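Trainee: Got a minute? I want to walk through a model before I set anything up.

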Amino acid sequence: MLLVALSVALAYGAWRWGAVLELDRWIVALVLGVTAAAYYWGKRRYQLAPPLPAALRWALGAGLVYLAFQCTPLPLSLLKVLSPARAELAQMTGERWAPLSVAPSASLLLAATMAACVLVFVLAREAAWRLEERAWIAAAPIVAIAALEAALGLAQFFSYWPDGVARGTYINRNHYAGFLEIGLLMAVGLGMAGGTRKGRSLTIRRGAAIVVGALILAGLIHSLSRMGFVAALTGLAVFAMAALAKRFHRKGAEAQQTKKRWLIAASAVVAAVAVLFVYLPPDQLIARFAELAATEDITADMRMQIWRETLGLIQAYRWTGSGAGTYEAAFYRFKTVAPLNTVDYAHNDYLQWLAELGVVGFGVWFLAAAVVLRSAWRRPAAIGALAAMALHSVADFNLYIPANAMAVAWVAGIGMAE
């Protein structure tokens, strides 16, 4: 039932354009909160997964507390010490008490979304841990949802509806591609799970994983998202290296034979990635690679200018940030790019998080991510998916799309299940 509830929340978020609307964010957060309460109610400690590493528990707790702290009104004297730029704004409006966030309602909404993602992380870890050797089942819902999105995207592409671009239920094809990246790596993981054991069920599962993986890859390609395509192939290469490294830790004669087979397999995957990059992209995607940094909404020059001007925002709110989710409101003071347009995202998750959370908040969440990535190496598909999203976030804002952030948290939970 736990996986069913998580699947419903993720499917609803993906179906509702990635859950970008405020109402949908609150609905998802409520569903996950009720799910967590129902799961933990009455359970004894021995029935639950082992505690998370202390550093991760501290980082997640401190990260959520920090988001709440940004919304808490503070006296102007303290605000001048913590955030002089925010204190200056408060003085201009005559406020004697003001929060660190320049837009508290936006920060509260993003705090609720982040809390929902933490719940997804914890519950997905619980689900994978309870499944023990069948932990791969915990990834099946992501793969199923990604396959449905891919099928819808391909139908859009080949029917030229509404504009001949595969984007599934997402508004932006790059965010659609971001979700499919995760689904693709999870499909690969499903196919590889099971080790050297043989059996009809394993053969069927691997065959199904190949078919579904091919469907998801086709959907990703026809989204015409260049960064999504590069990130997915990078994730596959990271998966191959992680799988090979995992095998090389084993000892014994049989293990040596297994290592040789995995070395050949990993080399084949890396070579296949290179071949796929050359031969798979359709003509439209190749044409879009000719203008690598531009999209239908933003040119390469605009993107670089946004990044440069975001540095000014980071400098002004360097320690405590302008407030989670406040980039659009805080950026107006520093914005000269696209004077007739609204710039609501930095198109770089790292720059935007640093601007909104400051060095303190960014450092706390970075610590949490580092602990997760260190543990996720034990599950090659998980580290591959996380690596793909980490690369894609350099030139986009996938982590600000709730459905994609939830999928990342789900994969991270699986990666921490051992």
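What follows is a chat about pockets, cavities, helices and salt bridges.

Mentor: Keep in mind that this is a predicted model. Where do you want to start?

Trainee: With the open space. What volume does the largest pocket have?

Mentor: About 850 Å³. It has 26 lining residues. Closest to the centre are Trp365, Ala368, Ala369, Leu399 and Val408.

Trainee: Which elements give two or more residues to that lining?

Mentor: Helix H3 (54-70), H6, helix H15 (349-376), helix H16 (380-392) and H17. H15 provides the largest share, eleven residues.

Trainee: And by class, what does the lining of the largest pocket have?

Mentor: 25 nonpolar residues, one polar and no charged ones.

Trainee: OK, enclosed space next. How many cavities of 30 Å³ or more are there?

Mentor: Two. The largest cavity has a volume of about 50 Å³. The second largest has about 40 Å³.

Trainee: Which residues line the largest cavity?

Mentor: Ala19, Arg25, Val28, Thr113, Ala116, Cys117, Pro402 and Met406. Helix H2 (22-40), helix H6 (104-131) and H17 each give two or more of them. The largest share is three residues, from H6.

Trainee: How do those residues divide by class?

Mentor: Six are nonpolar, one is polar and one is charged.

Trainee: Now the second largest cavity. What lines it?

Mentor: Arg25, Leu110, Thr113, Met114, Leu399, Tyr400, Ile401, Pro402 and Ala405. H6 and H17 each supply at least two residues. H6 gives the most here, with three.

Trainee: And the classes in the lining of the second largest cavity? How many of each?

Mentor: Seven nonpolar, one polar and one charged. Compare the two lists and some names recur. Arg25, Thr113 and Pro402 are in the lining of the largest cavity, and Arg25, Thr113 and Pro402 are also in the lining of the second largest. Leu399 is in the second cavity's lining and is among the residues closest to the centre of the largest pocket.

Trainee: H17 keeps coming up. Is H17 enclosed by the rest of the structure, or open?

Mentor: Largely enclosed, because 14 of its 14 residues are buried.

Trainee: What about its geometry? How far does H17 reach?

Mentor: H17 covers residues 402-415 and spans 20 Å from first C-alpha to last. That is close to the 20 Å expected at 1.5 Å a residue.

Trainee: And H6? How many residues, and what reach?

Mentor: H6 has 28 residues and reaches 41 Å between its first and last C-alpha. The expected figure is 40 Å, so the two are close.

Trainee: What comes after H6?

Mentor: Glu132 follows H6, with a positive phi near 50°.

Trainee: Switching to cysteines. How many disulfides does a search of the whole structure find?

Mentor: Zero.

Trainee: Are Cys71 and Cys117 buried or exposed?

Mentor: Cys71 is buried, at 19% relative accessible area. The cut-off for buried is under 20%. Cys117 is buried too, at 9%. Cys117 also helps line the largest cavity.

Trainee: Last topic, charges. How many salt bridges does the count come to?

Mentor: Three. Arg16 and Asp24 form one of them, with N to O at 3.1 Å. Arg16 is partly exposed at 22% relative accessible area, whereas Asp24 is buried at 1%.

Trainee: What does Asp163 form a salt bridge with?

Mentor: Arg167, with the closest N and O atoms 2.8 Å apart. Asp163 is partly exposed, at 43% relative accessibility. Arg167 is buried, at 14%.

Trainee: Which pair links distant parts of the chain?

Mentor: Glu88 and Arg333, which meet at 3.6 Å, N to O. Glu88 is in helix H5 (residues 84-92). Arg333 is in the loop between helix H14 (327-331) and H15. They are 245 residues apart.

Trainee: Are Glu88 and Arg333 buried or partly exposed?

Mentor: Glu88 is partly exposed, with 38% relative accessible area. Arg333 counts as partly exposed as well, at 48%.

Trainee: Great, that covers my list.

Terms used:
Residues are numbered from 1 along each chain as its sequence is written. This is a predicted model: local features need pLDDT of at least 70, side-chain atom pairs count only at pLDDT 80 or more; totals for chains, interfaces and linings use all residues. Side-chain values use heavy atoms; hydrogens and water are left out. Helices (H or I, at least four residues) and strands (E, at least two) are DSSP runs, numbered from the N terminus. Buried means under 20% relative accessible area, exposed over 50%, partly exposed in between (1.4 Å probe, protein chains only). A disulfide is a pair of cysteine sulfur atoms within 2.5 Å. On a 1 Å grid over the protein atoms alone, a cavity is a set of points where a 1.4 Å probe fits but cannot get out, and a pocket is an open set with protein on both sides within 12 Å along at least five of seven lines; lining residues have an atom within 4 Å of a point. Grid points are joined across faces, edges and corners, and a volume is the space filled by probe spheres set on the points. Ala, Val, Leu, Ile, Met, Phe, Trp, Tyr, Cys and Pro count as nonpolar, Asp, Glu, Lys and Arg as charged, and the others, Gly among them, as polar. A salt bridge is a side-chain nitrogen of Lys or Arg within 4 Å of a carboxyl oxygen of Asp or Glu.
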